[in-house]
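Trainee: I am new to this structure and would like to go through it with you. Could we begin with the pockets and then turn to the aromatic rings?

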Amino acid sequence: ETVAAIGLEDADRILVNQGMWGMYVLDLLNVVDAEFDVATDLLMTLRRRKSESEIDHIREACSITDAVSEEVRSLDAVGMTENELAAEIEYRVRKHGAGDRGSTQVASGPNSAHPPHACSDRTIEAGDPVVLDFGCSVEGYLSDQSRVVVYEGDPPAGFVDAFETAREAREAAIDAIEPGVTAADVDDVARSIIEDAGYEGQFLHVTGHGLGLGIHEPPYLMSGSYMDGGNELTIEPGMVFAVEPAIYDDEWGVRVEDDVLVTEDGTERLTHSDHSWQAL
């Protein structure tokens with residue numbers, strides 16, 4: 001009866017969410033004689049360009065993230081664990097009236113050299129580069145910001161040069177984003193700056209990714225195809241990107257990430273908090 005009520009009894013092909021529980025898919029398989037596939041490609045194509053109301057929600061999420069970023073960079077974080085600082089970030093996000101996005105990253109010292117690291121019970125020490133990668137949710141729409149901070153003491157040898165190189169690459173990538181440019185073009189701009197500075201092989205992920213209902217969603221700023229043919233994709237107004245060139249050494253990492261909206265003639269920056277590596 002439920003299948004009939006939603007008009008599926010005569011369907012030849014049914015697209016399901018990639019996160020749909022297996023028990024529900026099996027229920028459908030038992031009552032509908034149809035071909036099943038995931039809806040990702042169709043939905044992601046529709047979600048690439050954001051509406052004005054979606055953009056408003058992302059702007060608000062970015063504004064809250066900026067405020068929290070300034071707050072947590074003013075804390076006395078040396079002696080705190082990564083878990084404690086992550087909890088502090090999520091508390092402040094909720095205090096500002098937003099939801100957390102569920103993937104706060106606080107990666108200190110050697111942990112910052114590993115992009116997938118989330119947070120742990122490691123204690124933050126003076127001289128540690130600390131990557132803070134977090135955002136928040138407003139009406140389901142997300143922000144995504146990364147800052148790297150040395151809360152006390154002197155950073156490791158080579159850190160400042162790597163930081164300035166990654167920041168230059170991020171600025172160049174943002175400047176390169178405009179309608180008609182391909183995703184691969186933007187990736188090439190950022191990657192060439194990092195490689196020309198002597199950090200070849202130390203930029204371990206994409207230059208950027210789409211942002212909306214998902215924290216990492218198409219389109220991706222990268223060379224080579226990935227999900228939606230990242231190398232061929234042409235950038236269009238209404239797309240929102242998190243731009244995050246990075247450099248990872250053996251003992252520390254540098255990543256400074258900002259969110260931008262593609263406009264008719266370039267970009268509008270959505271995140272504005274302080275970019276320096278010093279605590280505030």
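Mentor: Certainly. This is a predicted model, and its largest pocket has a volume of about 320 Å³.

Trainee: Which residues are the closest to the centre of that pocket?

Mentor: Of the 18 residues that line the largest pocket, the closest to its centre are Gln105, Pro115, Asp133, His216 and Arg255.

Trainee: And how does the lining divide by class?

Mentor: The lining of the largest pocket has seven polar, six nonpolar and five charged residues.

Trainee: Now the rings, please. How many aromatic pairs are there?

Mentor: The count comes to three aromatic pairs. In one of them, the ring centres of Phe159 and Trp252 are 5.7 Å apart and the planes stand at 75 degrees; planes over 60 degrees apart count as edge-to-face, so this pair is edge-to-face.

Trainee: Where in the chain do Phe159 and Trp252 lie?

Mentor: Phe159 belongs to helix H6 (residues 159-176), while Trp252 is in the loop between strand E12 (246-248) and strand E13 (253-255), so the pair ties together parts that are 93 residues apart in sequence.

Trainee: Are those two buried or exposed?

Mentor: Phe159 is buried, with a relative accessible area of 0%. Trp252 is also buried, at 6%.

Trainee: Which residues do the ring pairs link into a cluster?

Mentor: The cluster consists of Phe159, Phe163, Trp252 and Trp277.

Trainee: One last topic, charges and rings. What lies over the face of Phe203?

Mentor: Arg191 does, at 4.1 Å from the ring centre of Phe203.

Key: Residues are numbered from 1 along each chain as its sequence is written. This is a predicted model: local features need pLDDT of at least 70, side-chain atom pairs count only at pLDDT 80 or more; totals for chains, interfaces and linings use all residues. Side-chain values use heavy atoms; hydrogens and water are left out. Rings of Phe, Tyr and Trp (its six-membered ring) pair if their centres lie within 6.5 Å; planes under 30 degrees apart count as stacked, over 60 as edge-to-face and the rest as tilted. Helices (H or I, at least four residues) and strands (E, at least two) are DSSP runs, numbered from the N terminus. Buried means under 20% relative accessible area, exposed over 50%, partly exposed in between (1.4 Å probe, protein chains only). A charge sits over a ring if NZ of Lys or CZ of Arg is within 6 Å of the ring centre and within 35 degrees of the ring normal. On a 1 Å grid over the protein atoms alone, a cavity is a set of points where a 1.4 Å probe fits but cannot get out, and a pocket is an open set with protein on both sides within 12 Å along at least five of seven lines; lining residues have an atom within 4 Å of a point. Grid points are joined across faces, edges and corners, and a volume is the space filled by probe spheres set on the points. Ala, Val, Leu, Ile, Met, Phe, Trp, Tyr, Cys and Pro count as nonpolar, Asp, Glu, Lys and Arg as charged, and the others, Gly among them, as polar.
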